[in-house]
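Me: Could you take a close look at one part of this model for me? I'd like to hear about the sheet and the aromatic rings, in one go.

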Amino acid sequence: MSNPNHIHILRVLLLAPALMASIVNSMRFELKSGQSKCISEDLKSNVITVGNYYVLNPNNDGFPIPDSHKITVRVRSPYGNDFHYGDSVHSGNFAFTAAEAGDYTACFSVPSNLNLAVTVLVDFVWKNGFAAKDWSKVVKKGHIEVMELELQKLNDIASSIHDEIFYLREREVEMQDLNDETNTKMFTFTLVSILVCLSVAGLQLWHLKSFFEKKKLI
């Protein structure tokens, strides 16, 4: 007979790659002068998030990045609160705990330069939850054995999956409530529209009947 603990660990191992794919956002994109690009990440409240970005050097190795390739970066919460701001920088990073659930947005832009049109290549990595934790520091700080470290990682993955499932359930309930409210409004609007149409049709029939009676056609 299978050990329940082994089955639980197997499920965690099967779900871990999917979880890691959803909490690590790594990309490379181009920005032209005067253009901007925004990237959104749906975060739960009290979730740790870490971001790192830098401009790739267009010159050969050993040469500094030109000032024309500086970017401006702003990270905002769903309610417009600033969590990070970098003005005319070549690189930077941010780390914070999400205060409220929702879409957090990181916007990148290149200042407009009328005298010189440039294309900037940006490398950006955004990690959330389990992936944002620095496990190398955990090992150095606690001198944890390899097996204990792996078990701790599995436990954190399981906790992240558990929290993610409950968060998705909450969002599902919110969407269901919104659908019910929308259906109620649509039903009310449809009913009112039918009543208005019937009223207008009744008035038209009454007017035509009165008109024909005055003309003694009926």
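Reply: Here's a walk through the sheet first, then the rings. Keep in mind that this is a predicted model.

Start with the open sheet, which has 4 strands in the order E2-E7-E4-E5, paired in the antiparallel sense. Its edges are E2 and strand E5 (82-89), each of which pairs on one side only. On average, and ignoring direction, neighbouring strands here are turned by 10° against each other. What holds such strands together in general? Strands of a sheet pair through backbone hydrogen bonds, parallel or antiparallel.

Now zoom in on E7. Strand E7 (residues 102-109) runs antiparallel to strand E2 (residues 36-43), and 8 bridges join the two. If you want a spot to click on in that pairing, serine 40 stands opposite threonine 105 in E7. E7 also pairs with strand E4 (residues 71-76), again antiparallel, over 5 bridges. There, the residue facing arginine 74 is cysteine 107 in E7.

On to the rings. Searching the whole structure turns up 10 aromatic pairs. One of them is phenylalanine 94 with phenylalanine 124: the centres are 6.4 Å apart and the planes make 40°, a tilted arrangement. The 6.4 Å value falls within the 6.5 Å cut-off for a pair. Phenylalanine 94 sits in strand E6 (residues 91-97) and phenylalanine 124 in strand E8 (residues 119-128), so this pair ties together parts that are 30 residues apart in sequence.

Buried or exposed, these two? Phenylalanine 94 is buried at 4% relative accessible area, and phenylalanine 124 is buried too, at 0%. Phenylalanine 124 has another partner in tryptophan 126: their ring centres are 5.8 Å apart with the planes at 50°, so that pair is tilted. Tryptophan 126 is buried as well, with a relative accessible area of 0%.

Those three rings belong to one aromatic cluster, made up of Phe29, Tyr53, Phe83, Phe94, Phe96, Tyr104, Phe108, Phe124 and Trp126. Going by the residue ranges, Tyr104 and Phe108 of that cluster fall in E7, residues 102-109, while Phe83 falls in E5, 82-89. That's where the rings and the sheet meet up.

There's one more link between the two topics. The charged end of lysine 37 sits over the ring of phenylalanine 29, 5.7 Å from the ring centre. Phe29 is a member of the cluster, and position 37 lies in the range of strand E2, residues 36-43.

Terms used:
Residues are numbered from 1 along each chain as its sequence is written. This is a predicted model: local features need pLDDT of at least 70, side-chain atom pairs count only at pLDDT 80 or more; totals for chains, interfaces and linings use all residues. Side-chain values use heavy atoms; hydrogens and water are left out. Two strands pair if DSSP finds at least two bridges between them. Rings of Phe, Tyr and Trp (its six-membered ring) pair if their centres lie within 6.5 Å; planes under 30 degrees apart count as stacked, over 60 as edge-to-face and the rest as tilted. Buried means under 20% relative accessible area, exposed over 50%, partly exposed in between (1.4 Å probe, protein chains only). A charge sits over a ring if NZ of Lys or CZ of Arg is within 6 Å of the ring centre and within 35 degrees of the ring normal. Axes are lines fitted to C-alpha atoms, for helices over the stretch in contact, and angles run from 0 to 180 degrees between N-to-C directions.
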